[in-house]
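Let's take a friendly walk through a protein model together. Have your viewer ready, and keep the sequence beside it.

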Amino acid sequence: MDKLITAKMADAVFTKDGLITTVVQDVSTHEVLMVAYMNRATLVQTIETGTMTYWSRSRKCVWIKGQTSGQFQRVRSIRLDCDGDALLFEVKQEGSGACHTGARTCFHRKLEA
């Protein structure tokens, strides 16, 4: 594995299932687009390709965002939280939205008090 990739991953803490929570934010608007999960392999693939690649817990397979929908997410920056157990990616969202429902963000439903 490339030394740069290894260095970027060094402090990342994965769950016993081998996953890490991944928050995805629009680089221009700072809007949270979605939350997903990565394993070590998809994190490496994301860093190498610059295209967001996740681990689908429901399908139990690699999921390249946009491969079937055309709604790609291109990495602009990567941050690790203080505990090392969550990643924040700033991305350029291509296409109309990030959500599988067609919405711009997966957080389009507001809960009223």
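Which residue takes a positive phi in the hairpin of E5 and E6? It is glycine 84, with a phi near 80°, and the hairpin has 5 residues between its strands. Please keep in mind throughout that this is a predicted model.

Let's step back to the whole chain before returning to that hairpin. The protein has 2 helices and 6 strands, and from the N terminus on, the order of elements is α-β-β-α-β-β-β-β. Along its principal axes, the C-alpha trace spans about 40 × 35 × 30 Å. The radius of gyration is 14 Å, which agrees with the value near 13 Å that a compact globule of 113 residues would have. Of the contacts with a separation of 6 or more, 44% are between residues 24 or more positions apart. Buried residues make up 38% of the 113 residues.

The outside of the protein comes next. About 7,000 Å² is exposed, and carbon and sulfur atoms supply 52% of that area. As for charge, there are 15 positive and 12 negative side chains, and the centres of these two sets lie 6 Å apart.

Now find strand E6, residues 86-93, which is a good anchor for the tour. E6 is mostly covered, with 6 of its 8 residues buried. Strand E5, residues 73-80, runs antiparallel to E6, and 7 bridges join the two. You can pick out individual partners along this pairing: leucine 80 has leucine 87 as its bridge partner in E6, and arginine 79 stands opposite leucine 88. Between these two strands sits the hairpin with glycine 84 that we met at the start.

E6 also pairs with strand E1, residues 20-26, but here the strands run parallel and are joined by 6 bridges. Threonine 21 stands opposite alanine 86 in E6, while aspartate 26 has valine 91 of E6 as its bridge partner. E1 itself has 5 of its 7 residues buried, so this strand is largely enclosed by the rest of the structure. As you follow these strands, a general pattern may help: in a regular strand, side chains alternate between the two faces of the sheet.

From E1, the path leads on to E2. The two strands run antiparallel and are joined by 6 bridges; in one of the pairings, glutamine 25 is matched with valine 32 in E2. The hairpin of E1 and E2 has 5 residues between the strands, and in this hairpin histidine 30 takes a positive phi near 65°. Why look at that angle at all? Most residues other than glycine have a negative phi. Histidine 30, found in the loop between E1 and strand E2 (32-38), has a positive value in a residue other than glycine. Its relative accessibility is 46%, so histidine 30 counts as partly exposed.

There is another residue to visit with this kind of backbone angle. Lysine 60 has a phi near 55°, again a positive value in a residue other than glycine. Look for lysine 60 in the loop between strand E3 (53-56) and strand E4 (61-64). With a relative accessible area of 60%, lysine 60 is exposed, since the cut-off for that class is over 50%.

Is methionine 52 buried or exposed? Its relative accessible area is 0%, so methionine 52 is buried, although its place is in a loop, between helix H2 (40-49) and E3. Leaving aside neighbours within four places in sequence, methionine 52 is in contact with residues including Thr22, Val24, Met38, Thr46 and Trp63. Also among its contacts are Gln73, Val75, Phe89 and Val91. Residues 20-26 form E1, residues 73-80 form E5 and residues 86-93 form E6, and you can trace these contacts back to the strands we have just followed. For a sense of distance, methionine 52 and serine 28 are 24 residues apart in sequence, and their C-alpha atoms are 17 Å apart in space.

Technical notes
Residues numbered from 1 in each chain as written. Predicted model: local features only at pLDDT ≥ 70, side-chain atom pairs only at ≥ 80, totals over all residues. Heavy atoms only, no water. Buried < 20%, exposed > 50% of the residue type's maximum accessible area, 1.4 Å probe, protein only. Helix = DSSP H or I, 4+ residues; strand = E, 2+ residues; numbered from the N terminus. Pairing = 2+ DSSP bridges. Rg over C-alpha atoms; globule rule 2.2 N^0.38 Å. Contact = heavy atoms within 4.5 Å. Areas by Shrake-Rupley, 256 points an atom, 1.4 Å probe, with all protein chains shown as cover. Lys, Arg positive; Asp, Glu negative; His and termini not counted. Charge placed at Lys NZ, Arg CZ, Asp CG, Glu CD.
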